[in-house]
Amino acid sequence: MPKTAAATTAAGSITVAASHKTVKHGEAVAFTGRVKGVKAGTVLVLQHRMNGKWTTLRTTTAVNRNGTFTIRRAFTAKGNETVRVVTKDGKVMSSPVSVKVS
């Protein structure tokens, strides 16, 4: 069962889970989740933690009418990737989830 992470702010919340906890480098991971208090059509971006800072990746999706989303990303660097999903304006973000890339 995928690990789910959620964070709530006054603006809303994003819950996200990774399809796999461990992947081979180059293999895609699907991050699926649900939003509350975020409008359908809102652009979401994937961020990863690098050198202690959150960096936005060029991976985006939009919130569906039913408040769900799926965002896919393939990782090429081996090691642990810590990622989160954030609204493009940066006001609402999920808790981080980790994926091990081997």
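**View 1. Asn-51 sits in the loop between strand 5 and strand 6.** This is a predicted model, and our tour starts at this loop residue. Asn-51 has a positive phi of about 55 degrees, even though it is not a glycine. Why is that worth a look? Most residues other than glycine have a negative phi. Is Asn-51 buried or exposed? Its relative accessibility is 75%, and exposed means over 50%, so Asn-51 counts as exposed.

**View 2. Five strands line up in an open sheet.** Read across the sheet, the order of the strands is 3-9-8-5-6, and the pairing is mixed. Which strands stand at the edges? They are strand 3 (22-23) and strand 6 (53-62). Each has a single partner strand, so one side of each is left without a neighbour in the sheet. As a reminder for the next views, strands of a sheet pair through backbone hydrogen bonds, either parallel or antiparallel.

**View 3. Strand 8 meets strand 9 in an antiparallel pair.** Here residues 79-87 form strand 8 and residues 97-101 form strand 9, with 5 bridges joining the two. You can find some of the partners yourself: Gly-79 is bridged to Val-101 of strand 9, and Asn-80 has Lys-100 of strand 9 as its bridge partner.

**View 4. Strand 5 also pairs with strand 8.** How do strand 5 (residues 43-50) and strand 8 pair, in the parallel or the antiparallel sense? They pair in the antiparallel sense, over 5 bridges. To see one of the contacts, look for Val-45, whose bridge partner in strand 8 is Val-86.

Technical notes. Residues numbered from 1 in each chain as written. Predicted model: local features only at pLDDT ≥ 70, side-chain atom pairs only at ≥ 80, totals over all residues. Heavy atoms only, no water. Pairing = 2+ DSSP bridges. Helix = DSSP H or I, 4+ residues; strand = E, 2+ residues; numbered from the N terminus. Buried < 20%, exposed > 50% of the residue type's maximum accessible area, 1.4 Å probe, protein only.
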